[in-house]
Amino acid sequence: MSPATEPEPQSTSSHMMKTTKRGRPFLKDTLDLFATLIVSLDLSPHKQFFRTFPHSFTTDEAAQNLASLKFSQSNRGPDPRDPSRVVTTTTTTTFSMTRDMAKAMSQHFMDARLIENAADPQSNLFKDRGVYQLTPKGLHVLERFISKNGINSDHLQPVFSSQPICIKLLHLERRSTDDEIIVTQSVITALFRRFVGRAPNYPPPPDKPLDAFQRYNERAKGISLIEVPERAQPLLGKSAQLHKHCFPAVSALEWLCDFTSVVGREEAAEMAAQFVRFGLITLVSDKRKNNDSAIIFTVRGSAPGGNSPVSQQGEFRCTTKAIYKITEEGKRLAHWDTSRPIGAQDSPNASQTTLTHDRSSVDGSVEGPDPKKIQDGSAKIHRRISLAEKLNANFDAADKKASSKESNSERLKYILEEPGLRSLFREFLRGNFCEENLSFWIDVQDFRKKFNITSSAMAAPSANRGIRNTPGQAVMERHHESLINTAFVIYNTYLAPSSQCELNIDHGLRNELVKYLEDVVTGLTGKAFQGRVEPEQANAFNATQLQTMIRLYERIQIHVFRLMATDSVPKFIKTPKFLAMRSWVDDFDGPDGDVQLLSSGGPSSPPGLSTAEEVGGAYITISQQASEREHRQQVAAAASATTVAAPPS
């Protein structure tokens, strides 16, 4: 596998993908290559064993695209020689591999639980003649990749809308040298709390039918638990007992692969063995026969001594008969025992848990992030009060130092970042006939992101490899046309006189924008500006002129943000729907008050790996599409329950 980077058509360089001691590519390369492949594929219905599987692909299609896969990325920025101008840099990366290599790479995708066999989801092998679909974890990774790289994903929207998506994915930081997970007590704490959930997750009654989305959401709450009875053994002096909070060993491996960045069952077994070493789970029974094979993973580390539950060694049995249960220490660490006083210490290092939330719904902070702050870590916010409490209408009284204006601005930032709340806020604004404020803010935010970066992925025919007009150049031309169209759709929708969603903004701001458009349109076409921009006029704009429009849009965006913060948010946080949703929002906060939160947008690379000493940590990414869909389902369910409960007229 040799990706070749082409900053210019004339210069190329090639290198092999780095692999770990286990023989797999580094995780970041695996995820990027997976997402690039999926963007390049035409996910369509395929038949196998008399069944049709929608949004799928075959082994042949994957191998054919991976044989010559091109990923083009274009970045815009100021010209170093003339900051008033905008220059575009396009880089094209080509992945080329044989069919056997492509199959091996696809096997890594399966091991990471990014794809699954459509006809046999329990199969762990990538077969020569198979049909494959994306898993919920794969869709989460794909959504994040598309958002980060500015990829046009219209052809993938049917997939996102029709299949379950992993809402919260826990990422564990890895060493930059060998890609191994950096294991610390704080990392195991974060992983275990996500593994067991906020409360014991027993399956719903069998008489309650669940669809695919509901079944997946039940699993997402935490490992599914069972109760295991143990017979009395009089000869050994043991009475009958019932073990609660148990789970099969194989189920634990599958859960860790599905809801975290763990790659493969081998790595999952090592993490489960760490749970044993830290005294969080223990073996209940392993009723395999003597001749049954068993794979036992053993991990070792230092033990603090004293009364600590942490041992020097932990082992985990990967057999179909092995049953484990959560220990009293595990329940305490998971905060299942609510009788403990608030603020009680969990473990020697629990307060150092580095769990951060990365919300992919908004790129950059609302007012614009400072890249230097993000790099040096000063953007981290140490919070002792949960974000859900910050949204409480009574928070001002608890924080008298902050003015009402500042408090409402913070609330609005969080509302815009949290997909479910943002959807509810939109409903509120619609009811108050000012939904256009939020729509404009979001459209400009997306426009800014698309202007700065755009990418594409395609399978390049081998016959075209020598052509100097690279795919990246063609992509940039199409992307520039798309940007121009977007810029003037925003203008004609929100800012043109008598537009369908005309904003109520400052008169001076509107005049400044209109004057700029008058000067540019008249200079380019020789025709007078009539208040609206026609397609033939828009096509004459260059990147520098587009950037000036973006700056004007940003000023209007700040004006709209302040308007929503001062006028709409104080009313919104007092509505019954918002108050009822606070507990749902709190589910996105960790159970601790010591969780660290990165500024919105999250780390461009896993936090901690930019420093000389790799200390380890964990962070969560949240799927915008999955969160908004779950919110819509909850709203619909609540409305349905209200209708059923209402007395007949």
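Which residues does F316 touch, not counting residues up to four places away in sequence? In this predicted model, F316 touches A249, A252, L253, A269, A272, A273, V276, I281, I295, I296, F297 and Y324. F316 also belongs to the largest nonpolar core, where F192, F195 and F316 are the residues with the most contacts inside the core. The points below take up the cores, the two sheets and two helix pairs.

**Nonpolar cores**

- The largest nonpolar core comprises 91 residues.
- Helix α1 (residues 27-40) supplies the largest share of this core, namely eight residues.
- A second core, separate from the one just described, has 52 residues, including L438, Y494, L546 and Y553.
- As general background, nonpolar side chains tend to be buried together in soluble globular proteins.

**The sheet containing β10, β11, β15 and β12**

- Four strands form an open sheet in the order β10-β11-β15-β12, and their pairing is antiparallel.
- The edges are occupied by β10 (226-230) and β12 (281-286); each has a single partner strand, so one side of each lacks a neighbour in the sheet.
- From one strand to the next, the twist averages 50°.
- Strands β11 (residues 241-248) and β15 (residues 322-326) pair in the antiparallel sense over three bridges, and F247 stands opposite Y324 in β15.
- Helix α8 packs on this sheet and touches β11 and β15, with its direction at about 40° to that of β11.
- Y324, the residue opposite F247, is also among the residues that F316 touches.

**The loop between β10 and β11**

- A232 lies in the loop that links β10 and β11.
- Its relative accessibility is 42%, and A232 therefore counts as partly exposed, a class that lies between the cut-offs of 20% for buried and 50% for exposed.
- Leaving aside residues up to four places away in sequence, A232 touches K238, S239 and A240.

**The sheet containing β3, β4, β8 and β7**

- Another open sheet of four strands follows the order β3-β4-β8-β7, again with antiparallel pairing.
- Its edge strands are β3 (44-48) and β7 (115-117), each of which pairs on one side only.
- Neighbouring strands in this sheet are turned against each other by 60° on average, direction ignored.
- β7 and strand β8 (residues 131-134) run antiparallel and are joined by three bridges; the bridge partner of I115 in β8 is L134.
- Helix α3 (residues 99-111) packs on the sheet, where it touches β7 and β8, and its direction makes about 100° with that of β7.

**Helix pair α8 and α9**

- The axes of helix α8 (residues 249-259) and helix α9 (residues 264-277) come within 9 Å and cross at roughly 110°; the two helices are therefore roughly perpendicular to each other.
- On the α8 side, V250, L253, E254, L256 and C257 meet G264, R265, A268, A269, M271 and A272 of α9.
- By class, this contact consists of eight nonpolar, one polar and two charged residues.
- L253 and A269, which take part in this contact, are also among the residues touched by F316.

**Helix pair α15 and α20**

- Helix α15 (residues 419-431) and helix α20 (residues 543-572) have axes that come within 11 Å and cross at roughly 95°, and α15 and α20 are therefore roughly perpendicular to each other.
- L421, L424, F425, F428 and L429 of α15 make the contact with M564, S568, V569, K571 and F572 of α20.
- The residues of this contact divide into eight nonpolar, one polar and one charged.

Notes: Residues are numbered from 1 along each chain as its sequence is written. This is a predicted model: local features need pLDDT of at least 70, side-chain atom pairs count only at pLDDT 80 or more; totals for chains, interfaces and linings use all residues. Side-chain values use heavy atoms; hydrogens and water are left out. Axes are lines fitted to C-alpha atoms, for helices over the stretch in contact, and angles run from 0 to 180 degrees between N-to-C directions. Angles under 35 degrees count as roughly parallel, over 145 as roughly antiparallel, 65 to 115 as roughly perpendicular and the rest as oblique. Contact means heavy atoms within 4.5 Å. Ala, Val, Leu, Ile, Met, Phe, Trp, Tyr, Cys and Pro count as nonpolar, Asp, Glu, Lys and Arg as charged, and the others, Gly among them, as polar. A nonpolar core is a set of buried Ala, Val, Leu, Ile, Met, Phe, Trp, Tyr and Cys residues joined through side-chain atoms within 4.5 Å. Buried means under 20% relative accessible area, exposed over 50%, partly exposed in between (1.4 Å probe, protein chains only). Two strands pair if DSSP finds at least two bridges between them.
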